[in-house]
Amino acid sequence: MLNPQRSLSELPKTSTASQVERVVLEEEFNWLLKEEVHAVLKQLQDVLKEASRRFSMPTPGFENQLKQENFILGSSTMDQVKGVLTLQGEVLTQADINLKVAKSSQVLHFQFREDKQWKLQQIQDARNHVNQALQLLSSRDESYHFKSGAEVNKLMDGVMLQLTRARNRLTTPASMTLPELAASGLMKMFSPPIPGDVMVNFYINLSKLCLTVYQLHVLPANTTKNFKPAGSSVLHSPGAMFELNNNRFEVSHVHKVECVVPWLSDTLVFFTISLQLCQQLKDKISVFSSFWNYRPF
């Protein structure tokens with residue numbers, strides 16, 4: 001057993017080197033907990049505040065009113081569907097759609113009724129997760145002293161969970177069956193009403209605002225042999241079948257148009273930066289942990 005009265009110079013060289021190394025490591029680790037962790041938390045808060053601000057950009061001159069943005073859907077190569085969507089935060093305040101009916105020259109025009117708006121739940125959920133991440137970070141202000149690496153890791157895991165959920169809400173649209181889509185409140189929002197052989201859906205995919213239009217035809221009542229109802233999907237293909245109100249339908253044509261929402265692109269970049277900052281901090285802590293776990297002091 002070592003005599004505590006002996007000086008470091010009298011200790012065996014290997015023991016001395018190990019003790020000095022440990023003292024240096026402990027000083028570095030304490031500095032990490034006291035200084036660097038808070039510097040990273042400040043960085044994270046700054047980035048996520050920018051992300052949160054993108055979800056609620058005010059109209060210049062009208063600080064309490066969200067900015068309205070118009071997005072043109074359609075392209076010169078595919079003119080069966082064209083439209084203009086008006087987005088205000090997570091709410092579609094107006095949709096103006098032209099559909100060129102397949103196998104005829106007829107053009108259908110329908111738009112949101114004046115008393116109707118459609119909330120994009122994906123955007124609202126993503127914003128809520130960002131705000132929850134910010135709440136977690138603000139619960140540890142600069143005066144807070146972290147007592148262990150495990151405590152920092154727990155906080156980072158909580159923040160990363162919220163950010164992953166936020167990102168997943170934007171990158172993974174909800175799957176729906178065709179009967180669910182047909183029964184959606186979205187079908188009742190238009191004037192004039194959408195014809196019974198047309199269905200529409202709006203969703204976010206990454207940074208894109210997407211509109212899908214399905215054209216249907218009714219299957220004969222005696223169609224039983226080859227009838228196979230389609231399952232749940234984000235985007236159904238031509239040939240998909242479903243049953244509704246004792247009628248059987250088949251999707252004859254699918255038209256998908258989309259446009260990029262620049263501020264959603266920004267938020268996805270902010271999520272990536274934030275997740276990297278969290279992981280880098282966890283990696284630094286694991287370096288110290290592995291050193292103490294595996295070095296025989």
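**Surface, core and pocket of a predicted model**

Biologist: How much of the area that the protein chain exposes do carbon and sulfur atoms supply?
Modeller: This is a predicted model, and its values are computed. The protein chain exposes about 16600 Å². Of that area, carbon and sulfur atoms supply 52%.

Biologist: How many helices and strands does the protein chain have?
Modeller: The chain runs to 297 residues. Its secondary structure comes to five helices and twelve strands.

Biologist: What percentage of the residues counts as buried?
Modeller: A residue is buried when its relative accessible area is under 20%. Among the 297 residues of the protein chain, the share that meets this is 40%.

Biologist: What share of the contacts joins residues 24 or more positions apart?
Modeller: Take the contacts in the protein chain with a separation of 6 or more. Within that set, residues 24 or more positions apart account for 65%.

Biologist: Which helix gives the largest share of the largest nonpolar core?
Modeller: Nonpolar side chains tend to be buried together in soluble globular proteins. Here the largest nonpolar core holds 76 residues, and Met-156, Phe-190, Val-200, Phe-202, Leu-209, Leu-211 and Phe-271 touch the most other members. The largest share of this core, twelve residues, comes from residues 13-55, helix α1.

Biologist: Which two of those well-connected core residues does Phe-190 contact, beyond its neighbours within four places in sequence?
Modeller: Leave those neighbours aside, and Phe-190 is in contact with Ala-95, Ile-97, Phe-110, Gln-111, Phe-112 and Arg-113, among others. The rest of its contacts also stand among the residues that touch the most other core members. They are Val-200 and Phe-202.

Biologist: Which element gives the most to the lining of the largest pocket?
Modeller: The largest pocket has a volume of about 240 Å³. Of its 14 lining residues, Trp-118, Gln-122, Asn-201, Phe-202 and Tyr-203 are the closest to its centre. Two or more lining residues come from each of β7 (118-119), α2 (121-138) and β9 (198-205). The most, three residues, come from β9.

Biologist: How many residues in that lining are nonpolar?
Modeller: The lining of the largest pocket includes four polar and two charged residues. The nonpolar residues number eight.

Biologist: Where does the cis peptide bond at Pro-192 lie?
Modeller: This bond joins Ser-191 and Pro-192, with omega about -10°. Pro-192 has its place in the loop between β8 (190-191) and β9.

Biologist: Is Leu-206 buried or partly exposed?
Modeller: Leu-206 lies in the loop between β9 and β10 (208-218). Its phi is near 60°, a positive value in a residue other than glycine. Partly exposed covers the range between 20% and 50% relative accessible area. Leu-206 stands at 45%, so it counts as partly exposed.

Biologist: Is Asn-245 buried or exposed?
Modeller: Asn-245 is found in the loop between β11 (241-244) and β12 (247-260). Its phi is positive, about 55°, although it is not a glycine. Exposed means over 50% relative accessible area. Asn-245 has 66% relative accessibility, so it counts as exposed.

Biologist: What is the relative accessible area of Ala-166?
Modeller: Ala-166 lies in helix α3 (residues 149-171). Leaving aside neighbours within four places in sequence, Ala-166 is in contact with Ala-126, His-129, Val-130 and Phe-271. Ala-166 is buried, because its relative accessible area is 0%.

Biologist: What distance separates the C-alpha atoms of Ala-166 and Gln-124?
Modeller: Along the chain, these two are 42 residues apart. Their C-alpha atoms are separated by 9.5 Å.

Conventions:
Residues are numbered from 1 along each chain as its sequence is written. This is a predicted model: local features need pLDDT of at least 70, side-chain atom pairs count only at pLDDT 80 or more; totals for chains, interfaces and linings use all residues. Side-chain values use heavy atoms; hydrogens and water are left out. Helices (H or I, at least four residues) and strands (E, at least two) are DSSP runs, numbered from the N terminus. Buried means under 20% relative accessible area, exposed over 50%, partly exposed in between (1.4 Å probe, protein chains only). Contact means heavy atoms within 4.5 Å. Accessible areas come from the Shrake-Rupley method with a 1.4 Å probe; for residues, only the protein chains shown count as cover. A nonpolar core is a set of buried Ala, Val, Leu, Ile, Met, Phe, Trp, Tyr and Cys residues joined through side-chain atoms within 4.5 Å. On a 1 Å grid over the protein atoms alone, a cavity is a set of points where a 1.4 Å probe fits but cannot get out, and a pocket is an open set with protein on both sides within 12 Å along at least five of seven lines; lining residues have an atom within 4 Å of a point. Grid points are joined across faces, edges and corners, and a volume is the space filled by probe spheres set on the points. Ala, Val, Leu, Ile, Met, Phe, Trp, Tyr, Cys and Pro count as nonpolar, Asp, Glu, Lys and Arg as charged, and the others, Gly among them, as polar.
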